[in-house]
Amino acid sequence: MEKKAISVPGSKLYGPYTPGVKSGGIIWLSGQIDVEAGDDTASQTAGALAKIDALLAAAGVTKDAVCFAQVLLDDIDDFQAMNEVYGAWVESIDIKPARAAFEAGALPAGAKVEIVVQAIDKK
């Protein structure tokens, strides 16, 4: 089965990984962070979701194709701030993705939030 890399020109990487991989109609995106978006959880959540939107578009799908999201927070007390932004992002999706959210010990580059998604391409 062929494996295809998904990326967006100019995206900053924080290690030796591919931003996304597509194979057999399944799309896996690496964890997305956006420390440049601001110092608060809401801004970083919005930035990470914008990166996810761009990667999904590069894969030929939209957020409607997302089946699972995993949200890692630097501090679980920031759950509400993240959840408000995330909730607005998924509001238009008929079948919202399954999701897990939890506190992680430390995130790359001092990020407050990292979001990982998996999607399907029905084509």
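**View A. The lining of the largest pocket in the predicted model.** By class, six nonpolar residues, four charged residues and one polar residue form this lining. The space in the largest pocket amounts to about 160 Å³. Eleven residues line the pocket, and those closest to its centre are Asp64, Ala65, Val66, Ile120 and Lys122. Rolling a probe the size of a water molecule over the atoms shows where empty space is left.

**View B. The open sheet of six strands.** The strands follow the order 1-2-3-6-4-5, and their pairing is mixed. Strand 1 (4-6) and strand 5 (98-103) each have a single partner strand, so one side of each edge strand is left without a neighbour in the sheet. On average, and with direction ignored, neighbouring strands of this sheet are turned by 15° against each other.

**View C. The pairing of strand 1 with strand 2.** Strands of a sheet pair through backbone hydrogen bonds, either parallel or antiparallel. Strand 1 and strand 2 (residues 20-23) adopt the antiparallel sense, with three bridges between them. Ala5 has Val21 of strand 2 as its bridge partner.

**View D. Helix 1 across the sheet strands.** Helix 1, comprising residues 41-58, lies across strand 1, strand 3 (26-32), strand 4 (66-73) and strand 6 (113-120). The helix runs at about 25° to strand 6.

**View E. Helix 2 across strands 4, 5 and 6.** Residues 79-90 make up helix 2, which lies across strand 4, strand 5 and strand 6. Relative to strand 5, helix 2 runs at about 160°.

Note on methods:
Residues are numbered from 1 along each chain as its sequence is written. This is a predicted model: local features need pLDDT of at least 70, side-chain atom pairs count only at pLDDT 80 or more; totals for chains, interfaces and linings use all residues. Side-chain values use heavy atoms; hydrogens and water are left out. On a 1 Å grid over the protein atoms alone, a cavity is a set of points where a 1.4 Å probe fits but cannot get out, and a pocket is an open set with protein on both sides within 12 Å along at least five of seven lines; lining residues have an atom within 4 Å of a point. Grid points are joined across faces, edges and corners, and a volume is the space filled by probe spheres set on the points. Ala, Val, Leu, Ile, Met, Phe, Trp, Tyr, Cys and Pro count as nonpolar, Asp, Glu, Lys and Arg as charged, and the others, Gly among them, as polar. Two strands pair if DSSP finds at least two bridges between them. Helices (H or I, at least four residues) and strands (E, at least two) are DSSP runs, numbered from the N terminus. Axes are lines fitted to C-alpha atoms, for helices over the stretch in contact, and angles run from 0 to 180 degrees between N-to-C directions. Contact means heavy atoms within 4.5 Å.
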